2 protein chains.
Amino acid sequence: MDEFDIIRRYFMPAVTRRADVVAGIGDDAALLSVPAGHELVVCTDTLVSGVHFPRHTPAAAIGHKALAVNLSDLAAMGAQPAWATLALTLPDADPRWLEDFAHGLLALAQRFDVELVGGDTTRGPLTVTVTAQGLVRHGMALRRRGARVGDRVYVTGTLGDAGLALRLQERASAHLQARLDYPEPRIEAGQALCGFATAAIDISDGLLADLAHLLASDRLGAIVEIDALPRSAAFLEVHETPGAGAQPAYYELPLSAGDDYELCFTVPPAHSTAVEQRLEHAGCAATAIGEITDTPGIRCVRANGSGYTPVARGFLHFGEDQHG
Amino acid sequence: MDEFDIIRRYFMPAVTRRADVVAGIGDDAALLSVPAGHELVVCTDTLVSGVHFPRHTPAAAIGHKALAVNLSDLAAMGAQPAWATLALTLPDADPRWLEDFAHGLLALAQRFDVELVGGDTTRGPLTVTVTAQGLVRHGMALRRRGARVGDRVYVTGTLGDAGLALRLQERASAHLQARLDYPEPRIEAGQALCGFATAAIDISDGLLADLAHLLASDRLGAIVEIDALPRSAAFLEVHETPGAGAQPAYYELPLSAGDDYELCFTVPPAHSTAVEQRLEHAGCAATAIGEITDTPGIRCVRANGSGYTPVARGFLHFGEDQHG
């Protein structure tokens, strides 16, 4: 099977066809119309087998995740996803694997009206790079920079699930495994925050690491109330079941495990109620977990007011998203 | 060295800063302004070590080529390059290698006013994916589709040099080696063709393979005058020197070897003179090599009128650009 067969057979039948795609797959490059009054939002993320996902990960999950981690970056900017290109390096062209991979990627693309407009298939060790593009109204993008002292710090969804699934491996529940394999980009939440949140970032490397990036942009600090961190029922169940496997680190995983792809954002107190209502309307839970301070660094406190020193600071070593 | 150090140290000092980049490296995604009246042109290409370049290729050449092959796709659309993202997968973070790689990539970026607006560094087998973006006036892009019966077929530059360098390996002359390692994207030529050429494609897989893609778009055929194919002085020197190494296949390499990254395009006879003048003004040689016919397929003829049957059809197997 040559590369043209791969494209034709697995990726051309994609359902999503956008009116703003003048030329998609099949020319030297894609030709796209950007609507007036909008800015273009572009990000790229690579997944390497054995580094970013375990080698036995189902192909559909790899396809989903390769697009999802990019859509998560678009979500953190408040953008509406539009187009993606796929650079797929494969050791061989296994039809069953390709079918599942394409299905995982294209199903997510269809949900968010993303058209696959180009790509490249090459032979080599399994590596997937997606470049995603979205649109945002001029001047309305969420940025990492912009938080102010006194802003509340929020996160969407729950934290630590993906890290717990990685730790439990085959003993992870279906919910935890799905949180690791099929992360849900918080697109609607990001858009609901435009004009209300002062700063935003997606949590790919762990809350502490990513919040630190947000703070560093403005030389600020934060207090994080670690008992307020949102944990899923599946997470708490493992925590509360003796002998259910590796006990989750109740504080550490939500603070430091990566791969959750939730949003972390800051909101002035006067906008808190509006933001909570907007997110509820967008169908996305959000939890206030702390406050921005003028003392650089992150201080973790328990509900009883005592301090907590995190063991790890997140997945910061060479090997992750440069926008990280 | 973590990934943030890599970005800061090697890629942040890039000279190119464009006014249309609202946010570049350092946020969740890049934020870019597309000027009114323009369309966005997007392409992506991956280079895998040992597949797309020999393992001993200098890092600077890999950096140059990773961007150049993408700019070549933009050239084939007649686009003005603007932005690029880099997904770099590395077995380790060797400072000397990174410095050379970044220099090769950024020097070319600077020449064409391309700003590196984002990327991702990951650990794994050496793989480089660049996604390049350019701009073209609304409706003015060159396409693969559009050739008409009777149009003349042209190519820029010379053909077969890169293929000959690959064949000669360490015995290749400096010129031939540079043609393989440092391909020159024909950006000015592509722009000069907008409004004059009826169709265009870049030659990455070999003339026959890429011309076949152009023809297939319109179910056309072509006659190629194989004695007219442009060959460099360095190519002819090897051909004419007995014992200088592997003799170049005088017809086969210009017809079927990849990696030349010249443009192949079609021009109505009435526009030939204008196109030749425009390309001369753009500083790019071009040679008429044949004519479009209504009989599907490519027929190769010698100067004496006799037919020639090519041995190979180009680098078509699984492992190359899906835009091909």
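# Report on a predicted two-chain model

Of the 194 residues in the largest nonpolar core, Val41(A) and Val41(B) touch the most other members. A nonpolar core is a set of buried Ala, Val, Leu, Ile, Met, Phe, Trp, Tyr and Cys residues joined through C-beta atoms within 7 Å. A residue is buried if 20 or more other C-beta atoms lie within 10 Å of its own, exposed if 12 or fewer, and partly exposed in between, with C-beta atoms placed from the backbone.

This is a predicted model, in which local features need pLDDT of at least 70 and side-chain atom pairs count only at pLDDT 80 or more, while totals for chains, interfaces and linings use all residues. Residues are numbered from 1 along each chain as its sequence is written, and chains are lettered from A and ligands numbered from 1 in the order in which they are written.

## Surroundings of Val41(B)

Contact here requires C-beta atoms, placed from the backbone, within 7 Å. Leaving aside residues up to four places away in sequence, Val41(B) touches Ala29(A) and Leu31(A) of chain A, and in chain B Leu74(B), Met77(B), Ala79(B), Gln133(B), Gly134(B), Leu135(B), Val136(B) and Ala141(B). In soluble globular proteins, nonpolar side chains tend to be buried together.

## Sheets and strand pairing

Helices (H or I, at least four residues) and strands (E, at least two) are DSSP runs, numbered from the N terminus. Two strands pair if DSSP finds at least two bridges between them. An open sheet of six strands, with mixed pairing, follows the order 1(A)-2(A)-3(B)-6(B)-4(B)-5(B). Its edge strands, each pairing on one side only, are strand 1 (21–23) of chain A and strand 5 (115–123) of chain B. From one strand to the next, the twist averages 20°; axes are lines fitted to C-alpha atoms, for helices over the stretch in contact, and angles run from 0 to 180 degrees between N-to-C directions.

Within chain B, strand 4 (residues 80–90) and strand 6 (residues 127–137) run antiparallel and are joined by nine bridges. Trp83(B) stands opposite Gln133(B) in strand 6 of chain B. Strand 11 (residues 286–293) of chain B pairs in the antiparallel sense with strand 7 (residues 152–156) of chain B over five bridges, and Val155(B) stands opposite Thr287(B) in strand 11. Strand 9 (residues 221–225) of chain B also runs antiparallel to strand 11 of chain B, joined to it by four bridges. There, the bridge partner of Ala222(B) is Ile292(B).

## Domains of chain A

Chain A is divided into domain 1 (3–137) and domain 2 (152–308), with bounds that come from an automatic or database domain assignment. The centres of the two domains, taken over C-alpha atoms, are separated by 26 Å. The contact between them takes 17 residues from domain 1 and 17 residues from domain 2. On the domain 1 side, the elements that give two or more residues are helix 2 (59–76) and strand 4 (80–90) of chain A. Helix 2 provides the largest share of that side, 11 residues. The residues of the domain 1 side divide into 10 nonpolar, five polar and two charged. Here Ala, Val, Leu, Ile, Met, Phe, Trp, Tyr, Cys and Pro count as nonpolar, Asp, Glu, Lys and Arg as charged, and the others, Gly among them, as polar.

## An enclosed helix

Helix 7 (residues 207–216) of chain A is largely enclosed by the rest of the structure, because eight of its 10 residues are buried. These buried residues include Leu207(A), Asp210(A) and Leu215(A). They pack against several elements of chain A, among them strand 7 (152–156), strand 8 (199–203) and helix 9 (252–256).

## Residues in loops

Four loop residues are compared by their C-beta neighbours within 10 Å.

| Residue | C-beta neighbours within 10 Å | Class |
|---|---|---|
| Gly24(B) | 19 | partly exposed |
| Asp113(A) | 13 | partly exposed |
| Tyr261(B) | 24 | buried |
| Pro35(A) | 10 | exposed |

Most residues other than glycine have a negative phi, and most peptide bonds are trans. Asp113(A), in the loop between helix 3 (95–111) and strand 5 (115–123) of chain A, has a positive phi near 55°. Tyr261(B), in the loop between helix 9 (252–256) and strand 10 (262–267) of chain B, has a positive phi of about 55°.

Gly24(B) is placed in the loop between strand 1 (21–23) and strand 2 (30–32) of chain B. Beyond residues up to four places away in sequence, Gly24(B) touches Ala30(B), Glu115(B), Val117(B) and Gly118(B). Pro35(A) lies in the loop between strand 2 (30–32) and strand 3 (38–48) of chain A. Pro35(A) and Asp20(A) are 15 residues apart in sequence and 8.4 Å apart in space, C-alpha to C-alpha.

Technical notes. Two residues are in contact if their C-beta atoms, placed from the backbone, lie within 7 Å.
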